[in-house]
Amino acid sequence: MTTSQSTYLDDPTANDPVMEIRNATVRFGMERGESRVLDDVSIDLERNEIFGVVGESGSGKSMLASALLDAVVEPGVLDGSITYRPQSGEPVDVLELNKNELRQFRWEEVAMVFQGAMSSFNPVRKIDTHFIETLTSHDYDVDEGMERARQLISDLYMDPERVLDSYPHELSGGMKQRTLIALSLILEPDVLVMDEPTAALDLLMQRSIVSLIEEIKEEYDLTILFITHDLPLVADLADRIAVMYAFEFIELGPTAEILQHASHPYTRLLLKSTPNLASPIEAMRPIEGSAPDPVNVPSGCSFHLRCPLADEQCVDVDPRAYPVGDGGDHVANCHYWEDAPETIPMTEEWDVEGIDAIDSAPGPSRADGPLVSLEDVEVHFEKEGGFLDFFSDPDTVQAVDGISLDIYENDVVVLVGESGCGKTTFGKTAVGLQEPTAGSVKYKGQDIWDLKRTGGDGSMSFDAVRRALQIVHQDPGSALNAHRRVGTSLEVPLKRWNPELDGNDRKSRIVSLLEHVGMAPAEDYIDRYPHQLSGGEQQRVALIRAMLMNPDLILADEPVSALDVSLRVEMMDLMIELQEQFDTSYLFVSHDLSNARYIAEKTGGRIGVVYLGELVEIGRPEEIIHDPQHPYTQALRWATPELDFEGGGMGGESPVRNIDVPDPTNPPSGCRYHTRCPEAREVCTTEHPEPREASAADFHEAACFRTDERHEYWQSPSITDD
């Protein structure tokens, strides 16, 4: 396949490569054959560029990162050549370095930022120890190095003394990730390889770190290789994008070119399958089929089994990299790249002149009253302390603080917000898994915790409530019993709640549902264990198990966040289809506004925005997305990456004054968002805003003084720096 990659090296703008990768291949010997997880990849990384690598899970992205550092784990075999070209001195053949030279190269010339920041730190050592050990092992002056560490941490908008004196668990996820970036830069490398560095972070933190990456790239003259499965995220960051499929690059070019003139069918389908805020939901479609097994990659074009343009030539002949356009810097590995735009048209960017232009689903009927009603719900936890805190009062985390919400039959409510804001705790309270500290939770008019304590009046039992209110967890792998086959796990709810069914009836119902969700042949899946399923298949099984209870309400806690972007629309469509079939309601929890918009708009549901235990805005998706009233909602909207097919990018200054969320054990007085809000005034520091009508639209409320033109807020002095 060497010829298929050659055109990638003919970029006329490629004048100063810092790294050259030629025919890089990684192979693993397995009992069932040779697994090739990087397939003859060649590319130049240009000095001071941000190069984005995008692809689904298992496409070879992380293996490319390992190859760059010659860090492929045994028994993997790396072939090809990798050359590092420093600004001064002779080129370095990375694959010929000895163990000591390689250790020096990995920190001093090319550094790595991994996805899981917590696993990158020793949990029993303070952060400063990690910096000191790194400097010492590379014979750097520790005093000078620690001064640089403080500057790096400060540049990443953190307090150096606090961070360096903390243990890893004492830092938030975003702070740990930024600290890891600082640690990777401590020895002043030329190249920074970032493997999914923001995957586990919230929208605002993702966007903040992306902005910081752009800043540190300029300040420290870095070349950055940014690996992600999130195309909208990297589209606003990278100078060039390479799309990986089946362990090789299938399209590469300048970011604007890829977005405006994608020419490989897979790239176009990937763009169309990605939930975003700009395109009509009807235009978003999942990619049919699945990625190939690394032991059995199809001959010819590796995408031909899923491609709408494929013919015999695609089956037999591996496509070379065809130049797209006249510049020579955009190439696509497709025989029919010229036909792809017509066969797979991209919807133009949604031009919304006003909210009335949006045709939302009608939503549920509210004539019969709420199915589940939560009134002034509070959930407070005592924070665990250490041994030295034994004689002091424990801190109290106000996870949920005074939220009221009604959920109706066949309703959909999506809660969005940052980690730790109380979304999941509130959701668990709504389905009876968490008893509130104060307030009430009623199911069909009956307080479910009174019902549990007293047994009720005979018209309803707590067992009936538990059956009616179900949950689908974020991580289905841990929610499914690892020692039970799929069929056995799915039989449990039927045996308990439908004892009249015999074994054949239960199997028939399970087989029918498995086939309905696309898991065929169902008889094969019934006998599998959870570890033998993909993430998407595990989530389908968890969803079926909940539906077999015939529930009235399902709490879906981040049900698609662990899936590839290309699979999220498919899973959400499936959940909507099952809702219609089983007449259930959903309470979704999500940190992704694009996913929230998709599911809420398609069902006529609502989006609720949660901040530090409070519901600060709620409304139909058209209001939340296109007419947000609370500054925090506006910040989430700003932070949501978009696929800008015009190539303009998101742009705009950050609407958040401080990156990090305040400590939930000591929330700010007045409006809890005032410490981060660019519109905050003195009255916001003392007076607490109550939810009020935010617009003329139904069900649109916001807890912000700015929605009241007569409020004293407008005469109160500003507390911002502007």
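## Exercises on a predicted model

T720 touches R657, C677, P678, E679 and A680, leaving aside residues up to four places away in sequence. Keep in mind that we're working with a predicted model here.

**Exercise 1.** Place T720 in the chain and decide whether T720 is buried or exposed.

*Solution.* Start with the location: T720 lies in the segment after β24 (701–702). Next, check the accessibility. The cut-off for buried is under 20% relative accessible area, and T720 has 13%, so T720 counts as buried. Finally, look at its side chain: T720 and S718 are joined through their side chains by a polar contact of 3.0 Å.

**Exercise 2.** Do the same for P189: find its loop, its burial and its contacts.

*Solution.* P189 sits in the loop between α7 and β7 (191–195). With 4% relative accessibility, P189 counts as buried. Now list what P189 touches, again skipping residues up to four places away in sequence: W107, E108, E109, V110, A111, S184 and L222. One more distance to pick up: Y220 is 31 residues from P189 in sequence, yet their C-alpha atoms are 8.9 Å apart in space.

**Exercise 3.** Work out whether the length of helix α5 (residues 142–155) agrees with 1.5 Å a residue, then describe its ends and its buried residues.

*Solution.* Length comes first. The expected span is 1.5 Å times one less than the number of residues. For the 14 residues of α5 that should give 20 Å, and the end C-alpha atoms are 19 Å apart, which agrees.

On to the ends. D141 caps the N-terminal end, with a side-chain oxygen 3.1 Å from the backbone nitrogen of D143. Following α5 comes Y157, with a positive phi near 60°.

Then the burial. G145, M146, R148, A149, L152, I153 and D155 are the buried residues of α5. An α-helix has 3.6 residues a turn, so residues three or four places apart point the same way. The cover over the buried residues of α5 includes α4 (127–137), α6 (160–164), α7 (173–184) and α8 (203–219).

**Exercise 4.** Lay out the open sheet of 4 strands and say which strands stand at the edges.

*Solution.* Write down the order: β14-β13-β16-β17, with antiparallel pairing. β14 (396–407) and β17 (446–447) each have a single partner strand, so they stand at the edges with one side lacking a neighbour in the sheet. Helix α14 (residues 423–430) packs on the sheet, touching β13 (372–382), β14 and β16, and its direction makes about 125° with that of β13.

Zoom in on one pair: β16 (residues 438–443) and β17 run antiparallel over 2 bridges. Here Y443 stands opposite Q446 in β17.

Technical notes
Residues are numbered from 1 along each chain as its sequence is written. This is a predicted model: local features need pLDDT of at least 70, side-chain atom pairs count only at pLDDT 80 or more; totals for chains, interfaces and linings use all residues. Side-chain values use heavy atoms; hydrogens and water are left out. Two strands pair if DSSP finds at least two bridges between them. Contact means heavy atoms within 4.5 Å. Axes are lines fitted to C-alpha atoms, for helices over the stretch in contact, and angles run from 0 to 180 degrees between N-to-C directions. Buried means under 20% relative accessible area, exposed over 50%, partly exposed in between (1.4 Å probe, protein chains only). A polar contact is a pair of N or O atoms within 3.5 Å; within protein, one must be able to donate a hydrogen and the other to accept it, and residues adjacent in sequence count only if both atoms are side-chain atoms.
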